[in-house]
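Hi,

Here is the structure I promised to pass on. Have a look at it first, and then read on for what turned up.

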Amino acid sequence: MGTDFNGGSASFVKIPAIKFTQLFINGGFVDSVSGKTFETIDPRTGEVITRVAEGDKEDVDLAVNAARAAFDHGTWPRLPGAGRGRIMMKFADLIDQHVEELATLDTIDAGKLFSFGKTRDIPKVAEMVRYYAGAADKIHGEVLKISRNLQAYTMLEPIGVVGLIVPWNFPSTLLFAKVSPALAAGCTMVIKPAEQTPLSALYFAYLAKLAGVPDGVFNVITGFGKTAGAAISHHMGIDKVSFTGSTEVGREVMQAAAKSNLKQVSLELGGKSPLVIFEDADINMAADLALLGVLYNKGEICVASSRIYVQEGIYDEFVKKLQEKAKDWVVGDPFDPNVHQGPQVDKKQFDKILTYIEHGKNEGATLLTGGKPLGNKGYYIEPTIFTDVKDDMLIAQDEIFGPVMALMRFKTIEEAIQRANNTRYGLAAGIITKDLNVANTVSRSIRAGIIWINCYFAFDRDCPYGGYKMSGFGREFGMQGLYEYLHSKSVVTPIYNSPWL
Amino acid sequence: MASDSNGILASESSVKIPIIKYTKLFINGEFVDSVSGKTFETMDPRTGEVIARVAEADKEDVDLAVEAARAAFENGPWPRLPGSERGRIMLKFADLIDQHVEELASLDTVNAGNLFGNGKIAGIPSVANSLRYYAGAADKVHGEVLKMSRDFHGYTLLEPIGVVGHIIPWNFPSALFFTKVSPCLAAGCTMVVKPAEQTPLSAIYYAHLAKLAGVPDGVLNVITGFGQTAGAAISHHMDIDKVTFTGSTEVGREVMQAAAKSNLKQVSLELGGKSPLVIFDDADINMAVELALLGILYNKGEICVASSRVYVQDGIYDEFVKKLEDKVKTWVVGDPFDPNVRQGPQVDKQHFDKVLTYIEHGKREGATLLTGGKPLGNKGYYIEPTVFTDVKEDMLIAKDEIFGPVMALMKFKTTEEAIKKANNSKYGLAAGIITKDLNVANTVSRSIRAGIIWINCYLAFDRDCPYGGYKMSGFGRELGLQGLHKYLHTKSVVTPIYNSPWL
């Protein structure tokens, strides 16, 4: 059999008591105005974990009112950067103190690996809060070099009330990729976590309050994209919306922003990122990275290396190594520390991925390994590799967002560059080579927002990340991520008798 | 009478329509007819008469221009030149503009009604200087090496975005052309420029000069035509990487939606304004009156940062109004070629009618017409400088952008009230503050939500000073180095490192 499967094991079912299931508005947990609730599902079993408040336009209005009051009149933007930083540091400590509970919530809500959540994802979230806490008092405008007798400078001011729409694949990481810089900048916010994964966001709201984040600064509206999400994109009182998710919904968000109050928009959308492996690569390392690149987080990652190009000189040996390594890839209950891959997030994704696998077969690609669901409960899919893929096949063009690799071979560097760029997306790319010149030329030639050389998924708090082309615009992480929540005001005054110009 | 009218003199001594040399589309280094062969009229607002017929572009022409720009970006020399080489060509371009300053200034005068003297001494030379500014920046574009928290070497590259679509308005056809084109050239991008249908002439001339300067074919393409056809084709184009638009808020919405529906291209918008000028009791009243008039009458009020709402603190209100009435009398309206004239005609009939309609609204809404309010002369689109007092915040003339020589004058008591009223607008483009008090200046400049705040001055733009909107006045910044970064996007490159002696 291609992979191990531990999905059926009963000993790893560990659903914690769900403490927070209501909307968080103006510092308090409240029911939605309509009183409606919706189910949130455990993808290991397909069963309901709990019901959560379902927010709609009226709830978003209340949250925006609270956020607006907090921004226009409250303390948050009026605190010195260091003051915001101190509260954020407290927030980070509280996150560390509750790491297991938070990791558990993302595991049962999104099928993410518990051990990764506990040792990596959640601690990194705390680290990100600390990074921006330390930046909050180091925001600099500039004094300008005016060509006449005028003194002028720019001030970077907090934008105001921001709407943050967070996807389901990294519910904690992507929440804080937006929240941390927004808090540091002095903005206030209305957060809508994905309907598939509302639980950790509500818990974070509780911790924010404990940390001393003032009422109205941090609001969470759980609900659906078409209602609560749309209400945010359309809201006349929100100054900017930051959205991570699919390209089709990204279009909706941007149009809504244009039709309403022309709010600023930043979008982090899909990808079909290429990993280009040259002949001088260490084949073991390359195979490990290739598998990681498309199977990490069950392929539910926008920068997944879903197109792998291997130079022909090492192609056959690479394929052999890949097949062996895939056998060791364990799919099962994400609480089990031996498991590498949990279930897909919900039935809809599960079905979509299986449909793409069928497309791959129908289009004439060769199924090297995998291709089938696993077990009879939950949404588990075998790691799947197609070879003999042509660039125009659906499985080479569309973002599948699952554990499905398209493997292709190439001859020359020029061909690799041309094929790597042959996509409407431009999020990430990987290059594996020891050759300095190949690395430099190819990294400049591939149109993507982040290029990994001899590594993959090498994110860092200080490293800006975002899309080219239809993968979106705007950058998260690093100081650029902070500038997304600031806008520039120029102030100009005449001067007299200046000894220099 | 509130102002002298020289509108009648216009037809005699000052008709100075230059020979129109270029009237075609400029694509891939050549002047060509539109694919359809259609042309449209461009008018002289001093008389309402036709100056020339210009090629009318539509989608097919935009497609050809984008193809040329795409080829120039993907395979051509422009982005592959070192920054300083792009700079050298841009400096040549600037010199050619200086050498043709009178011809260019007169094109904007006959097309837009802009003052000729202003264009010749300030407007056009300024455009050449904007090219020089960005020419000098082209070889100083810096990415960063990052401070990674693990054993990785990470750096950012600021790369030219690609093919850019520029949609230019009619009020400052040259200045706003180069506000976009200069940094875009410096960045190494290629572009398709659509000047406003009211004012196509100078843009086409600049295309000719660009070629003379050595800008390679396909880098700068000019497509004359209408917003609903050529402009929309740009916003919707699947192969344009970014669109920059300056114009009305309603069209800005269309541009952004089109971008979202097509290829999610990046968008920057420079839209309308209803900018407040706040005059405190300690102001020098003479200076304040001058600035208030300049702020609303400059370029016949056709400027997005016009100080169309003037708030005067009650202590000096009466004296201010008296001084204003006196000063307005000296504001000469007439043929823009006449060096004594301070205000030319509105750009076209549609706009002329719109401004007059707002003046009627003002009267009907119950504001007091202090001076002006009527058109001047019987030819062309001249309107008297118009001041309304006793304006209430919720009147149309206090809320809507009129884009004409119409001031709404109001009084205030306290600083807090001034801030609140100043911010009571969906717009947020500019604001002016007149005071000698340091603390008032600092507090109020931080409290008014606008992208540029002028203290004891107004319309004080500078090449190095970023400018752009808050709220519904748009987003993105032009001028300064921020204006250059608009045409670059960030790529991060990350590699593992081993045995680094520091982290």
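To start with a helix: what covers the buried residues of α3(B)? The cover includes β3 (39-44), β4 (49-55), α2 (83-99), α4 (116-137), α5 (173-187) and α6 (201-213), which belong to chain B. Please keep in mind that this is a predicted model.

Helix α3 of chain B runs over residues 101-112. From its first C-alpha to its last it reaches 16 Å, close to the 16 Å expected for its 12 residues at 1.5 Å a residue. Of those 12 residues, 10 are buried, so α3(B) is largely enclosed by the rest of the structure. Among the buried ones are V101(B), L104(B), L107(B) and V110(B), and the list also includes the polar D108(B), T109(B) and N111(B). Just after the helix, G113(B) takes a positive phi of about 80°.

Now the sheet, which draws on both chains. It is an open sheet of 9 strands with mixed pairing, in the order β15(A)-β18(A)-β19(A)-β13(A)-β12(A)-β20(A)-β21(A)-β21(B)-β5(B). At its edges stand β15 (366-369) of chain A and β5 (152-160) of chain B; each has a single partner strand, so one side of each is left without a neighbour in the sheet. From one strand to the next, the twist averages 20°.

At the chain B edge, β5(B) pairs with β21 (residues 488-496) of chain B in the antiparallel sense, over 9 bridges. If you want a place to look, H153(B) stands opposite T495(B) in β21(B).

Two helices of chain A lie across strands of this sheet. Helix α9 (residues 283-295) lies across β12 (274-277), β13 (307-311), β18 (384-387), β19 (404-410) and β20 (428-432) of chain A, and runs at about 140° to β19(A). Helix α14 (residues 436-445) lies across strands from both chains: β20 and β21 (450-453) of chain A, and β5 and β21 of chain B. Its direction is about 145° to that of β21(B).

Last, the cysteines. How many disulfides are there over all chains? The count comes to 0. For C302(A), the closest cysteine sulfur is in C463(A), 14 Å away, which is too far for a bond. C455(A) also has its closest cysteine sulfur in C463(A), at 9.6 Å, again too far for a bond. C302(A) counts as buried because its relative accessibility is 12%, and C455(A) is buried too, at 6%.

Best wishes

Key: Residues are numbered from 1 along each chain as its sequence is written. Chains are lettered from A and ligands numbered from 1 in the order in which they are written. This is a predicted model: local features need pLDDT of at least 70, side-chain atom pairs count only at pLDDT 80 or more; totals for chains, interfaces and linings use all residues. Side-chain values use heavy atoms; hydrogens and water are left out. A disulfide is a pair of cysteine sulfur atoms within 2.5 Å. Buried means under 20% relative accessible area, exposed over 50%, partly exposed in between (1.4 Å probe, protein chains only). Two strands pair if DSSP finds at least two bridges between them. Helices (H or I, at least four residues) and strands (E, at least two) are DSSP runs, numbered from the N terminus. Axes are lines fitted to C-alpha atoms, for helices over the stretch in contact, and angles run from 0 to 180 degrees between N-to-C directions. Contact means heavy atoms within 4.5 Å. The expected span of a helix is 1.5 Å times one less than its number of residues.
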